[in-house]
Amino acid sequence: MATRVEAPRAQPASSDAVAPAGFAEVYVAAYVKAGDSDADAEELAAFYPAARSMSWSAQGGAERAESASAVQVRQISAGYWSVTVAARITEWAKDSDSGGVRYFQVPLRATGGRGASGWTAAALPAEVAAPTGSKGAAPELSYGAAHAPLDSDPAVQTVRGFLAAYLTGRGELDRYLSPGTTLHAVRPAPYTAVTLTQIADHGQGSAEGAEAQTPPDGVQRRLLVDVEGDGKHTSSRPMTYAIELRARDGRWEVASLEAAPALATPGTNSNSQ
């Protein structure tokens, strides 16, 4: 439903959690492929200095981490963290099956005093079971029922033009933005075409027929938009955007590309997608 309520703004992620998580991810990737060569020892020593004096019996590169992502970050004490990293491990051998996701627990200590200018591992990673509760039901979102985009809805026209400029490079992005809003198109453009498939309004949605009406200046509308992107190497890739619109001079403009869709709050009756 269109309202004048200010949407919450994204806050910067805490560096206290981001920094050790990123360090642990790269450390695990280096650890998985490490072997008995001096080069591997030096690479690993950048994360865990004691690795220089360790002997490795395995040949390096037999396995590699195709991807590594921190799934749990816990602060043990001041400047001391435990990070659990999920890594998708594959083997180099052509006749081997691709490995699955494995989990490694990494102890990290901050260096550089109170400012935590760096990180170092306190030990080698420990392979562990998947953290409990790492998977769960999809969270309920605070949007009305999704429906096909209506050509009569001026907001749909704005969103279509904005996403075309943002993802395909067609059209001028600034013409769709509210004054004071700064966004940059994705470069290089990843898609050649973007199609809106569904749209849902924040809350209970707009009143019947409201989409075709000229909105008063300053009114906001928060949308959850499902799209499909077609590119050179992909077809109909589904994506979801949370977009805040603001009315000005009888038209809708993009006020922000929200960092995340709005979650339903306890006690609200929302029709999540």
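These are my notebook entries on a four-strand sheet and some salt bridges in a predicted model.

**Entry 1: the sheet**

I began with the strand order. I read it as E6-E7-E8-E9, an open sheet of four strands with antiparallel pairing. Which strands stand at the edges? I found E6 (193–201) and E9 (251–257) there, each with a single partner strand, so one side of each has no neighbour in the sheet. I also looked up the twist, which averages 40 degrees from one strand to the next.

**Entry 2: E8 with E9**

Next I took one strand pair by itself. How many bridges join E8 and E9? I noted six, in the antiparallel sense, with E8 covering residues 237–248. For a spot to click on in the viewer, I picked leucine 245, which stands opposite valine 254 in E9.

**Entry 3: the helix across the sheet**

I then asked which helix lies across these strands. My answer is H3, residues 154–167. I see H3 lying across E6, E7 (220–230), E8 and E9, and its direction runs at about 120 degrees to E8.

**Entry 4: salt bridges around Glu253**

On to the charged side chains. My lookup gave a count of 11 salt bridges. I went to glutamate 253 and found two partners to write down. Arginine 248 forms a salt bridge with glutamate 253, with the closest N and O atoms 2.8 Å apart. Arginine 251 also forms a salt bridge with glutamate 253, and here the closest N and O atoms are 3.0 Å apart. I noted too that Arg248, Asp249, Arg251 and Glu253 are linked in a network of salt bridges.

Is glutamate 253 buried or exposed? I have a relative accessible area of 2% for glutamate 253, so I file it as buried, the cut-off being under 20%. The arginines I file otherwise: arginine 248 is partly exposed at 30% relative accessibility, and arginine 251 is partly exposed at 36%.

**Entry 5: Glu42 and Arg52**

My last stop was another salt bridge. Glutamate 42 forms one with arginine 52, and the closest N and O atoms are 3.2 Å apart. Where do the two residues sit? I placed glutamate 42 in helix H2 (residues 38–45) and arginine 52 in the loop between H2 and strand E1 (63–77). The two are 10 residues apart, and the pair links distant parts of the chain. I checked accessibility here as well: glutamate 42 comes out at 44%, so I count it as partly exposed.

Methods
Residues are numbered from 1 along each chain as its sequence is written. This is a predicted model: local features need pLDDT of at least 70, side-chain atom pairs count only at pLDDT 80 or more; totals for chains, interfaces and linings use all residues. Side-chain values use heavy atoms; hydrogens and water are left out. Two strands pair if DSSP finds at least two bridges between them. Axes are lines fitted to C-alpha atoms, for helices over the stretch in contact, and angles run from 0 to 180 degrees between N-to-C directions. Contact means heavy atoms within 4.5 Å. A salt bridge is a side-chain nitrogen of Lys or Arg within 4 Å of a carboxyl oxygen of Asp or Glu. Buried means under 20% relative accessible area, exposed over 50%, partly exposed in between (1.4 Å probe, protein chains only).
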